[in-house]
Amino acid sequence: MLRYCVIICALLGSAMAAQKDIGTKYEVEQAKVVYEISGGGILTDELNLTIEGKERFFMRHWGRERLWRAEITEKITGLLEDMHTIRHIIKIVDDQAYEVDFERKKIIKMPAEKNHFMHYDLSRMHRKDTQTIASKLCEIWENEHIKVCLYKGIPLLFEKRYLDFRISKRARLILTDVNLSDKDFDLPPYPIEEKILLKSGFKITQIHTMQSMTKQLCASQAQIDTQSNEAKKIKEKFLRALFKRQKEKLPKMLKAMQKARVCFLVADDQQAANRCFASLTKPLRELIHVDETDLSLWTESLKENLINDLDRHIAELQRRMPCIKRAKNIDYLSKCMK
């Protein structure tokens, strides 16, 4: 099976509910929290989704100003492999939310209550028990599909079970006596757009939603039957976007491997080999099992092994290319990669 990674556009975010929505208030003046994000589930019989990453949360003025900054990897494994690492920033100041759109290099401004991503409402949840997370004792609240653990109003745990998937954000470190600066709350120098003034604002949101299974899964406020039409539509939208990306990226990957082969073939010294290496994307480096350490000594033996490895992967992808070009959906494309 040809193994590869293709960069796509997606994002994961934070628990975005305003204090008045979640029914609690922050009991500390300022805080910094470092989270670990994990999750995933089954997309099809042959494709699995894995989500992992880290997030930092900054809060000051008793919660009047908050910022979530995350880097998340959404990876699909199976007959096809697809990976995307993205950045995500959301800032709330009083009753206004600012979400960074790195694709369009814009900052979308909206009322805080309009941003419901990974939202939870304590009025619809039951208090259960306590748990120690990041050396802090927090109170567990949950319902049939969401679980949070709050420490002085700060979520140290957020879990959501939805369809056949699970999303979890767990604090690894929390500091409440830290000195925060304005830099911690800085946004990129992008122009600000009012969401209510964007005629295509909903469509823009939908583009991101279609390309990110994670956001698709987290956006809903309620659990649904895995056999329902809504559940099927969520998966179908994502799989259509995945199929489109793969159809575009696989031919480009073949050309990139062919170009890399020529480059390494004519590389007669260490300096030339390093230039070839620098031109490779990370997925290609992983595909042919090459890292900077491997090239520390450029020998004829290493050159021969690398060329042979590229030849094998190029031949495999060339053999599959007619099938890939004929493919009309993700199931057909997956069979091409067997």
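1. His61 counts as partly exposed, because its relative accessibility is 39%, between the 20% and 50% cut-offs. The model is predicted. His61 sits in the loop that links strand 2 (47-60) and strand 3 (65-78). Its phi is positive, near 55 degrees, and the residue is not a glycine.

2. Trp62 belongs to the loop between strand 2 and strand 3. Its phi is about 60 degrees, again positive in a residue that is not a glycine. At 47% relative accessibility, Trp62 counts as partly exposed. As background for both phi values: most residues other than glycine have a negative phi.

3. How are the strands ordered in the open sheet of 12 strands? The order is 7-8-9-10-11-1-2-3-4-5-6-12, and the pairing is mixed. Strand 7 (126-133) and strand 12 (192-194) stand at the edges. Each has a single partner strand, so one side of each lacks a neighbour in the sheet. From one strand to the next, the twist averages 20 degrees.

4. Strand 3 deserves a check of its own pairing. With strand 4 (residues 82-93), strand 3 forms an antiparallel pair over 12 bridges. Ile72 has Ile86, in strand 4, as its bridge partner. In general, strands of a sheet pair through backbone hydrogen bonds, either parallel or antiparallel.

5. For inspection, start at the loop between strand 2 and strand 3, where His61 and Trp62 are found. Then follow strand 3 into its 12 bridges with strand 4.

Terms used. Residues are numbered from 1 along each chain as its sequence is written. This is a predicted model: local features need pLDDT of at least 70, side-chain atom pairs count only at pLDDT 80 or more; totals for chains, interfaces and linings use all residues. Side-chain values use heavy atoms; hydrogens and water are left out. Helices (H or I, at least four residues) and strands (E, at least two) are DSSP runs, numbered from the N terminus. Buried means under 20% relative accessible area, exposed over 50%, partly exposed in between (1.4 Å probe, protein chains only). Two strands pair if DSSP finds at least two bridges between them. Axes are lines fitted to C-alpha atoms, for helices over the stretch in contact, and angles run from 0 to 180 degrees between N-to-C directions.
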